[in-house]
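Here are a few exercises to work through with the sequence and the 3D view side by side. Try each task on your own before you read its solution.

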Amino acid sequence: MERPEADAAAVAIGVVDASDVHPGEPGPLAPSADVQTSDAVLARVRVRLPEFTGALQRVAEQVLTDPAAAARATIVELAERSGTSPATVTRFCRALGFDGYADLRLTIAGETGRAARAAGWAVDIGREIQPSDPLERVLAQIMAADTRAMHDTAALLDLGEVKRAAEAIATASRVDIYGASGSALVGEEMQFSLHRIGVPVWAWTDVHGGLASAALLRVGDVALGISHSGQTRETIEMIAEAGSHGATTVALTSFPRSPLAEVADIVLLTASQATTFRPDALSARHPQLVVLDLLYIAVAQRTHERAHASFQRTARAVDGHKQSMKSERTGRSERGRPRVPAQAVVASKEVRRS
């Protein structure tokens with residue numbers, strides 16, 4: 001869900017080439033110009049953690065447990081702390097797209113340094129919330145975790161994919177949104193937002209209704225599936241059904257190699273930072289809402305005239321109810337007693353006459 005080590009120990013071990021990647025281990029990321037400068041290496045490790053097995057997973061867990069220490073450690077020290085070997089650390093680096101450990105270490109150091117300077121929000125990342133913790137500390141922990149998740153999401157998110165999804169939705173004759181449990185709540189929020197600006201959109205939480213709707217989609221329509229893990233079978237089935245009829249499919253998930261991501265045309269990635277009582281699936285809600293809010297704004301930008309007119313009409317349609325509620329709140333006499341509606345006065349008189 002990196003580069004050669006310059007110390008003597010690394011020299012003694014030698015260079016591990018691509019053939020050293022063991023069968024069944026995750027392959028390296030495709031080289032890119034931003035690999036060395038990205039501030040999302042820890043987010044990438046979290047995303048890929050389920051893919052790592054055995055020794056590679058132990059290295060990943062050690063890096064995530066104490067990234068600052070990993071940034072200071074030599075390749076031998078990190079291998080000892082994770083109970084692995086320097087060669088395994090090198091394979092771990094290459095699986096993330098780095099040439100060796102030196103580059104990984106520099107990238108982690110840069111990321112942790114920026115986080116510490118940003119306002120100290122990284123101090124309690126990873127600390128368990130205790131039953132006796134005061135609410136002030138719990139609030140700080142939640143804010144720290146959510147801030148970290150937001151930063152990681154911004155670093156992971158491919159804005160090119162967001163643009164593709166926005167353009168597809170802006171021109172779609174119909175949009176379906178699929179999700180289960182907590183993801184369904186996120187989907188309904190997106191459905192509400194898009195509906196207000198005139199997008200013909202439906203949110204489905206029942207798999208039978210969702211599959212029936214997906215079967216009616218066609219080329220030019222869009223289906224959006226939401227699942228933190230990317231493994232929710234019902235959501236995968238609905239997205240696959242929509243795609244089989246030519247609809248453009250979009251996945252919102254935290255795992256780029258999940259089954260949901262594999263069947264989607266466009267993948268939007270989020271990150272999460274779990275805390276006590278808030279596992280990954282729950283802590284992913286805020287990053288999911290941020291990405292969908294960005295997507296909603298991008299759609300509104302591309303349909304500005306229609307979106308503006310639709311939003312104004314829908315606002316006017318409910319304005320009377322807002323005014324009525326406001327009148328009820330302010331409808332009190334100078335002495336502070338609630339004003340009695342005229343209908344109630346008439347009814348009271350009728351009761352007395354009878």
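The exercises below go from the sheet to one of its strands, then to a loop and to the helices.

This is a predicted model, in which local features need pLDDT of at least 70 and side-chain atom pairs count only at pLDDT 80 or more, while totals for chains, interfaces and linings use all residues. Residues are numbered from 1 along each chain as its sequence is written, and side-chain values use heavy atoms, with hydrogens and water left out.

**Exercise 1. Find the order of the strands in the open sheet, and name its edge strands.**

Step 1. Helices (H or I, at least four residues) and strands (E, at least two) are DSSP runs, numbered from the N terminus. Two strands pair if DSSP finds at least two bridges between them.

Step 2. Following the pairs gives β2-β1-β3-β4-β5, an open sheet of 5 strands with parallel pairing. At the edges are β2 (201-204) and β5 (266-269), each of which pairs on one side only. From one strand to the next, the twist averages 15 degrees.

Step 3. Now look at individual pairs. β1 and β2 are joined in the parallel sense over 4 bridges, and Tyr178 stands opposite Trp204 in β2. Strand β4 (residues 248-253) pairs with β5 in the parallel sense, over 4 bridges, and Leu252 stands opposite Leu268 in β5.

**Exercise 2. Decide whether β1 is enclosed or open, and trace the surroundings of Gly179.**

Step 1. Apply the cut-offs: buried means under 20% relative accessible area, exposed over 50%, and partly exposed in between (1.4 Å probe, protein chains only).

Step 2. In β1, 5 of the 5 residues are buried, so this strand is largely enclosed by the rest of the structure. In a regular strand the side chains alternate between the two faces of the sheet. Here both faces are covered, with Val175, Ile177 and Gly179 on one side and Asp176 and Tyr178 on the other.

Step 3. Gly179 lies in β1 and has 3% relative accessibility. Leaving aside neighbours within four places in sequence, Gly179 is in contact (heavy atoms within 4.5 Å) with Ala184, Trp204, Thr205, Ile226 and Thr235. Ser227 is 48 residues from Gly179 in sequence, yet their C-alpha atoms are 6.6 Å apart.

**Exercise 3. Explain what is notable about the phi of Ser181.**

Step 1. Most residues other than glycine have a negative phi.

Step 2. Ser181 is not a glycine, but has a positive phi of about 55 degrees. Ser181 sits in the loop between β1 (175-179) and α10 (182-196), and is exposed at a relative accessible area of 67%.

**Exercise 4. Describe how α8 and α15 pack.**

Step 1. Axes are lines fitted to C-alpha atoms, for helices over the stretch in contact, and angles run from 0 to 180 degrees between N-to-C directions. The axes of α8 (residues 135-156) and α15 come within 9 Å and cross at roughly 40 degrees.

Step 2. That makes α8 oblique to α15, since angles under 35 degrees count as roughly parallel, over 145 as roughly antiparallel, 65 to 115 as roughly perpendicular and the rest as oblique.

Step 3. To finish, list the contacts: Asp146, Ala149, Met150 and Thr153 in α8 meet His286, Pro287, Val290 and Val291 in α15. Among these, Pro287 and Val291 are buried.
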